[in-house]
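Please find below some notes on the model you sent round. They are set out as numbered points, for reading beside the structure.

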Amino acid sequence: MKEFKPVKEGKVREIYDTGDNLIMVATDRISAFDVILKNKVNKKGTVLTQMSKFWFDYTKDIVANHMISVDTKDMPEFFQTEEFTGNSMLCKKLNMVPVECIVRGYITGSGWNSYKENGTVCGIKLPEGLKECDKLPEPIYTPSTKAEIGDHDENIDFERSVEVLEKAFPGHGADYAAKIRDYTIALYKKCADYALTRGIIIADTKFEFGIDENGNVVLADEMLTPDSSRFWPVEGYEPGHSQPSFDKQFVRDWLKANPDSDYNLPQEVIDKTIDKYKEAYKLLTGKEIA
């Protein structure tokens, strides 16, 4: 049996090259503030992979995505073990776009801090009088650069994203920048509307895209998971203060309240985190994580 080793390791994911395709494995690692925490959250990788699969299936009418299969039977024998079951995705190879596509439907987090200072979010002027966690009149697109592990992403405006993409894909920067912006907004609107019917507000999220061998823009990486999004319960939603969440904001809040933790979570925080992830998955998909 041929053995495989990751060709790339991110904060949470490991990527394996099978020759024709890639296998993306979502580990049980968790990161916050661009730091990998010392703890692992059991079954977290499975939630991320299965939730991404749900959304990829739901949005394939808007834009093609990189998913081929999440069944390890479709992967080399090395991956047909319990370690890789449920948390692995066979994917198409793409030339990844060096921009993270962030979309905000509600004002919270760093966007709220910026708005309080000067009435803008990432340079975009917003109406006066907004309260924390208010829904925005229309979702806004606020791209950022991709940082290496340990560094922070840098917010950029649309014009700067054109420059970044032109450098990566000469002759196609403006076209690709416009396409990923428009796909980002369309994906968010469709999924946020659906999530509302399931009791969840998607406050913001990020998407990543790649370019295939034919020059087409393809949705990639993860999609609308508790790692990449802010999920709030519809029940009890009230602007004017922070909201309870189904995502890793719970972990961020605990770390802020415990600055001397050295990024080491107590077991009760780990347990509550995976419970929140599983609850979000069940609400959105109607299914339980095995």
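**Notes on the predicted model**

1. An open sheet is formed by 5 strands in the order 1-2-3-7-6, with antiparallel pairing. Its edges are strand 1 (8-9) and strand 6, each of which pairs on one side only. Please keep in mind that this is a predicted model.

2. At one edge of the sheet, strand 1 and strand 2 (residues 13-17) run antiparallel and are joined by 2 bridges. Lys8 has Ile15 of strand 2 as its bridge partner.

3. Helix 1 lies across several strands of this sheet: strand 2, strand 3 (22-26), strand 6 and strand 7. Relative to strand 7, helix 1 runs at about 40°.

4. Helix packing comes next. Two packed helices are described by the angle between their axes and the distance between the axes. For helix 1 (residues 44-59) and helix 6 (residues 267-285), the angle is about 20° and the axes are 10 Å apart. Angles under 35 degrees count as roughly parallel, so helix 1 is roughly parallel to helix 6. The crossing of helix 1 past helix 6 is left-handed.

5. On the helix 1 side, the contact with helix 6 is made by Lys44, Val47, Leu48, Gln50, Met51, Phe54 and Trp55. Helix 6 contributes Ile274, Tyr277, Lys278, Ala280, Tyr281, Leu284 and Thr285. By class, the residues of this contact between helix 1 and helix 6 are 10 nonpolar, 2 polar and 2 charged.

6. How do the axes of helix 1 and helix 4 (residues 173-197) cross? They cross at roughly 115° and come within 11 Å. Helix 1 and helix 4 are therefore roughly perpendicular to each other. Helix 1 passes helix 4 in a crossing that is right-handed.

7. The contact between these two helices involves Phe54, Trp55, Tyr58 and Thr59 from helix 1, and Leu187, Lys190, Cys191 and Tyr194 from helix 4. The contact of helix 1 with helix 4 has 6 nonpolar residues, 1 polar and 1 charged. Phe54 and Trp55 are listed here and also in the contact of helix 1 with helix 6.

8. Thr72 is found in the loop between strand 6 (67-69) and strand 7 (88-91). Is this residue buried or exposed? Its relative accessibility is 11%, and the cut-off for buried is under 20%, so Thr72 counts as buried. Leaving aside residues up to four places away in sequence, Thr72 touches Phe79, Gln80, Phe84 and Thr85.

9. Strand 16 (residues 229-233) has 5 of its 5 residues buried, so it is largely enclosed by the rest of the structure. Ser229, Phe231 and Pro233 point one way from the strand, while Arg230 and Trp232 point the other way. Strand 14 (residues 200-211) runs antiparallel to strand 16, and 5 bridges join the two. Among the residues bridged to strand 16 is Thr205, whose partner there is Ser229.

10. Helix 5 (residues 249-257) has Gln249, Phe250, Val251, Arg252 and Leu255 buried. Which elements cover the buried residues of helix 5? They include strand 4 (29-32), strand 5 (35-40), strand 16 and helix 6. Strand 16 and helix 6 thus appear again, strand 16 as a buried strand and helix 6 as a packing partner of helix 1.

Note on methods. Residues are numbered from 1 along each chain as its sequence is written. This is a predicted model: local features need pLDDT of at least 70, side-chain atom pairs count only at pLDDT 80 or more; totals for chains, interfaces and linings use all residues. Side-chain values use heavy atoms; hydrogens and water are left out. Axes are lines fitted to C-alpha atoms, for helices over the stretch in contact, and angles run from 0 to 180 degrees between N-to-C directions. Helices (H or I, at least four residues) and strands (E, at least two) are DSSP runs, numbered from the N terminus. Angles under 35 degrees count as roughly parallel, over 145 as roughly antiparallel, 65 to 115 as roughly perpendicular and the rest as oblique. A crossing is left-handed if the near helix is turned anticlockwise from the far one by less than a right angle, and right-handed if clockwise. Contact means heavy atoms within 4.5 Å. Ala, Val, Leu, Ile, Met, Phe, Trp, Tyr, Cys and Pro count as nonpolar, Asp, Glu, Lys and Arg as charged, and the others, Gly among them, as polar. Buried means under 20% relative accessible area, exposed over 50%, partly exposed in between (1.4 Å probe, protein chains only). Two strands pair if DSSP finds at least two bridges between them.
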